Amino acid sequence: MQHVCPKVVSMKLKGGYNILPEGRPKGIVERLPEPDALYLPLCSRRFLFEEMCVEDGQQVNASDVIAKDPNNFALPLLAPRGGTVKLKTVANHVVLTDISTPDKKVHIPEKRLPHIVQEVGTAGIKRYKLLSLGAWQFFYDAYTGQLPDPLGTPQAVIVSTLSLEPFLTRGDVQLHNRLLQFTRGLEHLQSLLEYQPIYLIMPNVKSPFASQVCEHICGYAWAKLIQVPLKYPYDNFNILARALGLKKAAGPIWAVRVEGILAIDRALTVSKPCLVRILSIGGPAVSSPIHLKAMAGYPIQTVLDKYVTEPDVRVLDGGLLTGEPISQEMLGLGAECRGLTVVPELKEREFLGFTRPGWGRKSYSKCFLSALRTDFSERLTTAMRGELRPCISCNFCEEVCPASIMPHLLHKYLYRDLIEEVEQARIDLCIECGLCSFVCPSKISLRGEFIEAKELIEKEKEEIRQEQAKQQLQENSE
Ligand code: SF4
Ligand code: SF4
């Protein structure tokens with residue numbers, strides 16, 4: 001890391017690569033029309049809202065608790081609008097019908113607070129408020145990606161203004177005209193802490209916004225401004241924590257993006273819940289890629305009908321490289337959705353695709369004719385182009401890997417079931433960014449292989465832990 005001035009540090013990171021396919025969402029934010037019904041999915045990437053707090057047919061107001069996730073500090077799923085609850089209409093969803101507009105102001109009932117005051121003081125009340133008003137869901141543990149304990153003590157907090165995976169909601173779009181709320185949110189965040197630093201991650205580009213933020217945080221002894229190049233996946237919290245020298249063993253590291261800071265400000269300044277969020281809809285199959293203001297449960301089909309004209313598409317919940325395909329059973333936007341990516345679904349394989357000159361096709365190796373074109377975005381589809389070949393040891397995956405591991409070597413070990421060697425080659429450092437799979441000319445599903453292998457290793461370790469605990473119990477009872 002190279003110091004530019006006492007307040008700003010420029011960080012150098014390894015690997016990374018920007019892919020620039022067609023379909024980048026514009027900076028405009030459109031508000032979706034009020035829906036007739038909301039379909040709230042009961043599970044998202046991190047949460048499973050299995051503790052139901054409402055009954056079938058019950059009338060609820062906006063921000064009432066619909067359900068909680070008992071394994072994530074009772075994180076609530078809030079009703080984005082008032083309406084009538086239907087529990088049996090759609091599997092794994094709570095449906096709200098007879099939708100009404102939200103109340104102007106929502107307060108936490110005072111009677112729920114006194115024990116928290118005694119136990120954890122003012123900062124504890126604020127943290128409880130963040131949890132109750134839906135702002136805590138925007139927090140991550142930088143290393144595990146899980147929801148951190150709202151009453152825990154972090155060693156540091158990473159706040160990122162970047163969003164670099166195509167086509168997720170951009171940080172600059174969320175910050176547009178909200179600098180005051182953002183800096184106020186940062187101050188609220190600091191008031192939850194004692195002495196722990198807040199690392200504010202900014203792009204290393206000169207912009208009026210960056211200068212304004214610099215001016216604002218100049219007086220904050222607790223904020224450290226870190227500039228990073230605009231390259232995917234340098235917005236990844238795990239990579240940032242490692243580059244900042246924050247060790248996992250020294251305690252949790254909280255991580256939060258712009259939307260989380262704005263949610264903190266909303267919850268702690270005006271006591272309002274976070275019911276609506278800005279998300280993106282982008283990708284080559286979207287007629288007008290854009291940002292949207294939408295609430296959890298908004299009917300996905302209504303969004304697709306408005307923005308997608310192609311008949312056969314694959315819709316991803318999330319970005320192009322790490323998004324998960326949305327199944328037909330999922331009817332509403334999930335509680336954690338940061339964007340929808342829509343790609344034309346082409347099932348046929350391009351005959352001898354890899355031998356074509358590739359005027360319209362980009363590749364990391366720049367081996368296609370398109371290398372002669374400037375300022376050009378490829379129109380990606382889901383079609384195979386003659387790939388799925390063995391590893392040709394080109395090393396591209398290693399060049400782009402931000403975790404400094406050797407994906408091709410891991411692939412070879414996994415192919416031969418050499419799990420011990422896989423562990424020694426540090427598969428645990430893989431952040432699942434998907435760049436290796438993307439640049440691989442043989443289109444080996446490296447990311448998918450590594451996710452599976454990590455799950456398998458974790459499962460085996462858990463089995464060993466349980467077996468050891470059982471043996472220990474037996475020994476103690478003898
Ligand atoms: S998915 Fe893992 S192995 Fe592949 S580039 Fe990203 S961090 Fe490296
Ligand atoms: S990019 Fe693909 S083909 Fe090239 S070394 Fe990596 S795994 Fe092998």
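**View 1. A hairpin joins strand 7 and strand 8, with five residues between them.** In this predicted model, Phe73 sits in the turn and has a positive phi of about 55°. Strand 7 covers residues 65–69, and strand 8 covers residues 75–78. The two run antiparallel and share four bridges. Asp69 faces Leu75 of strand 8. Strand 7 also pairs with strand 5 (residues 51–52), again antiparallel, through two bridges. Here Glu51 has Lys68 of strand 7 as its bridge partner.

**View 2. Four strands build an open antiparallel sheet in the order 4-10-9-6.** Strand 4 (38–41) and strand 6 (59–60) are the edge strands. Each of these two pairs on one side only. Strand 4 runs antiparallel to strand 10 (residues 93–100), with four bridges between them. Tyr39 has Val95 as its bridge partner in strand 10. At the other edge, strand 6 and strand 9 (residues 82–86) are antiparallel and joined by two bridges. Gln59 is bridged to Thr84 of strand 9.

**View 3. Strand 9 and strand 10 form a hairpin with six residues between them.** Asn92 lies in the turn, where its phi is positive, about 60°. Four bridges hold the antiparallel pairing of strand 9 with strand 10. Which residue of strand 10 is the bridge partner of Lys86? It is Val95. Val95 is also the bridge partner of Tyr39.

**View 4. Six strands form an open sheet of mixed pairing, in the order 3-17-16-20-18-19.** Strand 3 (29–31) and strand 19 (324–325) stand at the edges. Each has a single partner strand, so one side of each has no neighbour in the sheet. Strand 3 pairs with strand 17 (residues 290–295). The sense is parallel, and there are three bridges. Arg31 stands opposite Lys293 of strand 17.

**View 5. Helix 3 packs against helix 4 at an angle of about 35°.** Helix 3 spans residues 179–191 and helix 4 residues 208–217. Their axes are 11 Å apart. The crossing is right-handed. From helix 3, Leu179, Thr183 and Leu186 take part in the contact. They meet Phe209, Gln212, Val213, His216 and Ile217 of helix 4. By class, the contact of helix 3 with helix 4 holds five nonpolar and three polar residues, with no charged ones.

**View 6. Helix 3 also packs against helix 6, at an angle of about 75°.** Helix 6 spans residues 258–269, and the axes of helix 3 and helix 6 lie 8 Å apart. The angle makes helix 3 roughly perpendicular to helix 6. Helix 3 contributes Gln181, Phe182, Arg184, Gly185, Leu186, His188 and Leu189 to this contact. Helix 6 contributes Val258, Ile261, Leu262, Ile264, Asp265, Leu268 and Thr269. The contact of helix 3 with helix 6 has eight nonpolar, four polar and two charged residues. Leu186 takes part here and in the contact with helix 4.

**View 7. Helix 9 and helix 12 pack at an angle of about 60°.** Helix 9 covers residues 407–415 and helix 12 residues 446–477, with axes 10 Å apart. The two helices are therefore oblique to each other. Their crossing is left-handed. On helix 9, the contact residues are Pro407, Leu410, His411 and Leu414. On helix 12, they are Leu446, Glu449, Phe450 and Ala453. Six residues of the contact of helix 9 with helix 12 are nonpolar, one is polar and one is charged.

**View 8. Cys401, Cys430, Cys433 and Cys436 are among the residues around ligand 1.** The shell also includes Pro402, Ala403, Ile405, Pro407, Ile431, Glu432, Gly434 and Phe450. It divides into 10 nonpolar residues, one polar and one charged. Pro407 and Phe450 also belong to the contact between helix 9 and helix 12.

**View 9. Cys391, Cys394, Cys397 and Cys440 are among the residues that surround ligand 2.** Ile392, Ser393, Asn395, His408, Pro441, Ser442 and Leu446 are in this shell too. How many residues of the shell around ligand 2 are nonpolar, polar and charged? Seven are nonpolar, four are polar and none is charged. Leu446 also belongs to the contact of helix 12 with helix 9.

How values were computed: Residues are numbered from 1 along each chain as its sequence is written. Chains are lettered from A and ligands numbered from 1 in the order in which they are written. This is a predicted model: local features need pLDDT of at least 70, side-chain atom pairs count only at pLDDT 80 or more; totals for chains, interfaces and linings use all residues. Side-chain values use heavy atoms; hydrogens and water are left out. Axes are lines fitted to C-alpha atoms, for helices over the stretch in contact, and angles run from 0 to 180 degrees between N-to-C directions. Angles under 35 degrees count as roughly parallel, over 145 as roughly antiparallel, 65 to 115 as roughly perpendicular and the rest as oblique. A crossing is left-handed if the near helix is turned anticlockwise from the far one by less than a right angle, and right-handed if clockwise. Contact means heavy atoms within 4.5 Å. Ala, Val, Leu, Ile, Met, Phe, Trp, Tyr, Cys and Pro count as nonpolar, Asp, Glu, Lys and Arg as charged, and the others, Gly among them, as polar. A residue is near a molecule or strand if one of its heavy atoms lies within 4 Å of it. Two strands pair if DSSP finds at least two bridges between them.
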